[in-house]
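Let's take a walk through this protein together, with the structure open beside the text. We will begin at one spot on the surface and work outward from there.

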Amino acid sequence: PGTAAPDPAQAALSGVDAFHLTFKQPPTAAIVFDVKTGEVLWRRNPVKRVPIASITKIMTALLVVENTRAKDKVRIPKDALNYVGAGVGLLPKGRHVTIEALLHGLLLPSGNDAAIALADGAAKTVPRFVRLTNAKPETLGLVSTRFSTTTGFVSPLHTHTEDYWGV
């Protein structure tokens, strides 16, 4: 009486590893699972909240692809040139660039400038696009994911836990 049944997802995340890995520099958090069965094979701090810049870029790309067409053009706004971290670096302020080209800049060099331009193009403003990125995870069953930027650049409000291990 008064005790809840164990959460099966938490049990899987805290189980016994199927193999051992040794790292010179171990990851902060990681997980290996069988994509067919969902069985967790190896884990290291699987529920630790970590920055998610690359996953943010994937979510940005997903929303852009769902809401635009590849040949649509986006005007490069001034704020896209004031990025932090990695960028395409050659985006011409005020010029129009195709969604397709910006997606390449977003995903290949992890361009934060491209992320900002795509957000402005797809939702008219970055804050509006961030609201869209926070609505999408729930439709995918991701309940612990929160976005605060389109770039994924570190912010304490921008994290996930075990959400992505099941996607």
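In which strand does Val32 lie? Val32 belongs to strand E1, which covers residues 30–33. Keep in mind as you look that this is a predicted model. Val32 has a relative accessible area of 30%, so it falls in the partly exposed class, which runs between 20% and 50%. On the surface, Val32 joins Phe19, Leu21 and Phe23 in a nonpolar patch. Together these four residues offer about 290 Å² of accessible area.

Now stay with one member of that patch, Phe23. Its relative accessibility is 37%, and Phe23 therefore counts as partly exposed. Phe23 also takes part in an aromatic pair, and the count of such pairs comes to one. The partner is Trp42, with 5.7 Å from centre to centre and 50° between the planes, an arrangement described as tilted. The label follows from the angle, because planes under 30 degrees apart would count as stacked and those over 60 as edge-to-face. Phe23 sits in the loop between helix H1 (8–13) and E1, while Trp42 is in strand E2 (residues 40–44), so the pair ties together parts that are 19 residues apart in sequence. The two partners can be set side by side by their accessibility: Phe23 is partly exposed, whereas Trp42, at 6%, is buried.

Strand E2 brings us to another link with the loop between H1 and E1. Here the side chains of Asp17 and Arg43 meet in a salt bridge, at 2.4 Å from N to O. Because Asp17 lies in that loop and Arg43 in strand E2, the salt bridge ties together parts that are 26 residues apart in sequence. Is Arg43 buried or exposed? With a relative accessible area of 11%, Arg43 is buried; the cut-off for that class is under 20%. Asp17, at 30% relative accessibility, is partly exposed.

Just past this strand, have a look at Asn45, in the loop between E2 and H2. Asn45 is not a glycine, yet it has a positive phi of about 50°. Its relative accessibility of 39% makes Asn45 partly exposed. You will find a positive phi again at Ser110, about 60° this time, and Ser110 is not a glycine either. Ser110 is placed in the loop between H3 and H4, and at 26% relative accessibility it is partly exposed.

How many salt bridges does a search of the whole structure find? The search finds four, and the one between Asp17 and Arg43 has already come up. Another joins the side chains of Arg69 and Asp72, at 3.1 Å from N to O. Of these two residues, Arg69 is exposed at 61% relative accessibility, and Asp72 is partly exposed at 22%. A further salt bridge brings together the side chains of Lys71 and Glu100, at 2.8 Å from N to O. This pair links distant parts of the chain, with Lys71 in the loop between H2 and E3 and Glu100 in helix H3, 29 residues apart. Lys71 is exposed, at 62% relative accessibility, and Glu100 is partly exposed, with a relative accessible area of 33%.

Glu100 leads us onto helix H3, so let's turn to the side of this helix that is hidden. Helix H3 spans residues 99–107, and its buried residues are Ile99, Leu102, Leu103, Gly105 and Leu106. Seen down the axis, these buried residues fall within an arc of 160°, so they line one face of H3. It helps to remember that an α-helix has 3.6 residues a turn, so residues three or four places apart point the same way. What covers the buried residues of H3? The cover includes helix H2 (53–67), strand E3 (73–75), strand E4 (96–98) and helix H4 (112–123).

Finally, step back and take in the whole protein. There are five helices and four strands, and along the sequence they follow the pattern α-β-β-α-β-β-α-α-α. Of the 167 residues, 37% are buried. Among contacts between residues at least 6 apart in sequence, 55% join residues at least 24 apart. The accessible surface comes to about 10,000 Å², with 59% of it belonging to carbon and sulfur atoms.

Technical notes. Residues numbered from 1 in each chain as written. Predicted model: local features only at pLDDT ≥ 70, side-chain atom pairs only at ≥ 80, totals over all residues. Heavy atoms only, no water. Patch = residues over 30% accessible without salt bridge, like charges linked within 9 Å, V, L, I, M, F, W, Y side chains within 5 Å. Areas by Shrake-Rupley, 256 points an atom, 1.4 Å probe, with all protein chains shown as cover. Helix = DSSP H or I, 4+ residues; strand = E, 2+ residues; numbered from the N terminus. Buried < 20%, exposed > 50% of the residue type's maximum accessible area, 1.4 Å probe, protein only. Phe/Tyr/Trp six-rings, centres within 6.5 Å; stacked < 30°, edge-to-face > 60°. Arc of directions from axis to C-beta. Contact = heavy atoms within 4.5 Å.
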